[in-house]
Amino acid sequence: MHAADDRHDGAGSAASGPAARPRRALLIFVDGLGWESGDPAHDPCRDYGGALFDFARTDAACRPLDACLGVEGLPQSATGQTSLLCGVNAQAAVGRHVPGFPTAPLRAILREKSLFVQLRDAGCDGVFLNAFRPLFFRLPRAMQGRLSATTVAHLAADRPFFGLDDLAAGRAVYQEFTNRELIAKGFEVPEFTPEHAGRVLGREALRRDFTLYEFFQTDRAGHAQDRPRAHAVLRDLETFVRAALAEIAVQDAAADTLVLLTSDHGNLEDLSTRSHTRNPVPLLAWGPGSATLLARCTRLDEVTPALLSLLLN
């Protein structure tokens, strides 16, 4: 683990000592990215051409987080994301790791404990910045509430969702931030470079107390066991993240923004298997409060309580 107070990058590094507190935060959630596999031959993070996600030499302040949370089996998306977004050991609460979309017990946890709900109740403005396709808005609310943990978490606080018009206007970012997937499906949206999309994310994150962005191309590449695809995804993701940090550094003169990046379970870091892994997941932090937050977190379910403590106290 890097010492939590000796590496800083981009957003508000001058104010990132232990006593610093952020005014706002951006959480970049990257699905299926483990800390490391232990075998460079199967770990695309070691040789993708960048440095941010090679955790042996990254320039970001970071540490590994336990994603298993004391429950046997392979960590999965529904429970991992619920634990991350609620600060609750969802795996232990339901007695197993749950894949895919949240079950009824997990949805109940999200409706009560989602960080969007906790922020709303404290009078803060939190938003899920991902743009959704038109089909989502045609679904009944009950069906919307059976989708991903991130969607349920946001829906629980009655926050508005962004559509493709917001994407075109530069108010939101799609899960595949270049928009090439949307264009291939026939949607009339602009194609973004990773740099442009990152600048949009950084600029929009400064408008609210808390912003969440979700990226899951990493998980798809891991399941595909496709090393060239994994390399391309990691390179684009690094460019995207660094552009967001640079935009925040330029626009946030007071250096008030904490930026976090973490995951829900391992996958991409070990292409020897199509399944998830029991590896830790990374927690990267930039900006005010980063040292304090990293020092407080050793497990996935500790991120939200530590973040809310910094934002609300």
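How much area does the protein expose, and what share of it do carbon and sulfur atoms supply? I looked this up first: the exposed area is about 11,600 Å², and carbon and sulfur atoms supply 50% of it. I note at the outset that the model is a predicted one.

**Entry 1. Overall form**

I listed the secondary structure and found 14 helices and six strands in the protein. I then checked the overall dimensions. The C-alpha trace spans about 45 × 45 × 40 Å along the principal axes. For 313 residues, a compact globule would have a radius of gyration near 20 Å, and the 18 Å found for the protein agrees with that.

I next asked how much of the chain is covered. Of the 313 residues, 59% are buried. Among contacts with a separation of 6 or more, 75% are between residues 24 or more positions apart.

I also looked up the charges. The protein carries 33 positive and 38 negative side chains, and I found the centres of these two sets 5 Å apart.

**Entry 2. Helix α1**

Is helix α1 mostly covered or mostly exposed? I found that α1, residues 77-86, is mostly covered, with ten of its ten residues buried. Among them are Ser-77, Gln-81, Leu-84 and Cys-86. I followed the chain past the end of the helix, where Gly-87 comes just after α1 and takes a positive phi of about 70°.

**Entry 3. Positive phi outside glycine**

I searched for positive phi in residues other than glycine, since most such residues have a negative phi. I recorded two cases.

Asp-158 is not a glycine, yet its phi is positive, at about 55°. I located Asp-158 in the loop between α7 (149-155) and α8 (164-168). Its relative accessibility is 53%, so Asp-158 counts as exposed.

Ala-255 also has a positive phi, near 55°. I placed Ala-255 in the loop between α12 (227-251) and β5 (257-262). Its relative accessible area is 14%, and because buried means under 20%, Ala-255 is classed as buried.

**Entry 4. Arg-21**

I then turned to Arg-21, which sits in the segment before β1 (24-30). Arg-21 counts as partly exposed because its relative accessibility is 42%, a value between the cut-offs of 20% and 50%.

Which residues does Arg-21 contact beyond its neighbours within four places in sequence? I found Pro-288, Ser-309, Leu-310 and Asn-313. For Ser-309 I also noted a distance: its backbone oxygen lies 3.3 Å from a polar atom of the Arg-21 side chain. I checked Ala-285 as well, which is 264 residues from Arg-21 along the chain; the two C-alpha atoms are separated by 13 Å.

**Entry 5. Leu-33**

I located Leu-33 in the loop between β1 and β2 (61-65). Its relative accessible area is 0%, so Leu-33 is buried.

Setting aside neighbours within four places in sequence, I listed the contacts of Leu-33. They include Cys-45, Phe-53 and Phe-55, and also Leu-234, Ser-263, His-265 and Gly-266. Further along the chain, Leu-268, Glu-269, Val-281 and Pro-282 are in contact with Leu-33 too. I also looked up Asn-267: the C-alpha atoms of Leu-33 and Asn-267 are separated by 5.6 Å, with their positions 234 residues apart along the chain.

**Entry 6. Ala-244**

Is Ala-244 buried or exposed? I found a relative accessibility of 1%, so Ala-244 counts as buried. Ala-244 belongs to helix α12. Apart from neighbours within four places in sequence, its contacts are Gly-198, Arg-199, Leu-201 and Gly-202. I took one longer separation for the record: Ala-244 and Tyr-48 are 20 Å apart in space, C-alpha to C-alpha, and 196 residues apart in sequence.

**Entry 7. Met-143**

My last query concerned Met-143, which lies in helix α6, residues 141-144. Met-143 counts as partly exposed because its relative accessibility is 45%. How far apart in space are Met-143 and Ala-67, C-alpha to C-alpha? I found 28 Å, for two residues that are 76 residues apart in sequence.

Notes
Residues are numbered from 1 along each chain as its sequence is written. This is a predicted model: local features need pLDDT of at least 70, side-chain atom pairs count only at pLDDT 80 or more; totals for chains, interfaces and linings use all residues. Side-chain values use heavy atoms; hydrogens and water are left out. Helices (H or I, at least four residues) and strands (E, at least two) are DSSP runs, numbered from the N terminus. The radius of gyration is taken over C-alpha atoms; the globule rule is 2.2 Å times the number of residues to the power 0.38. Buried means under 20% relative accessible area, exposed over 50%, partly exposed in between (1.4 Å probe, protein chains only). Contact means heavy atoms within 4.5 Å. Accessible areas come from the Shrake-Rupley method with a 1.4 Å probe; for residues, only the protein chains shown count as cover. Lys and Arg count as positive and Asp and Glu as negative; His and the chain ends are not counted. The place of a charge is taken as NZ of Lys, CZ of Arg, CG of Asp or CD of Glu. A polar contact is a pair of N or O atoms within 3.5 Å; within protein, one must be able to donate a hydrogen and the other to accept it, and residues adjacent in sequence count only if both atoms are side-chain atoms.
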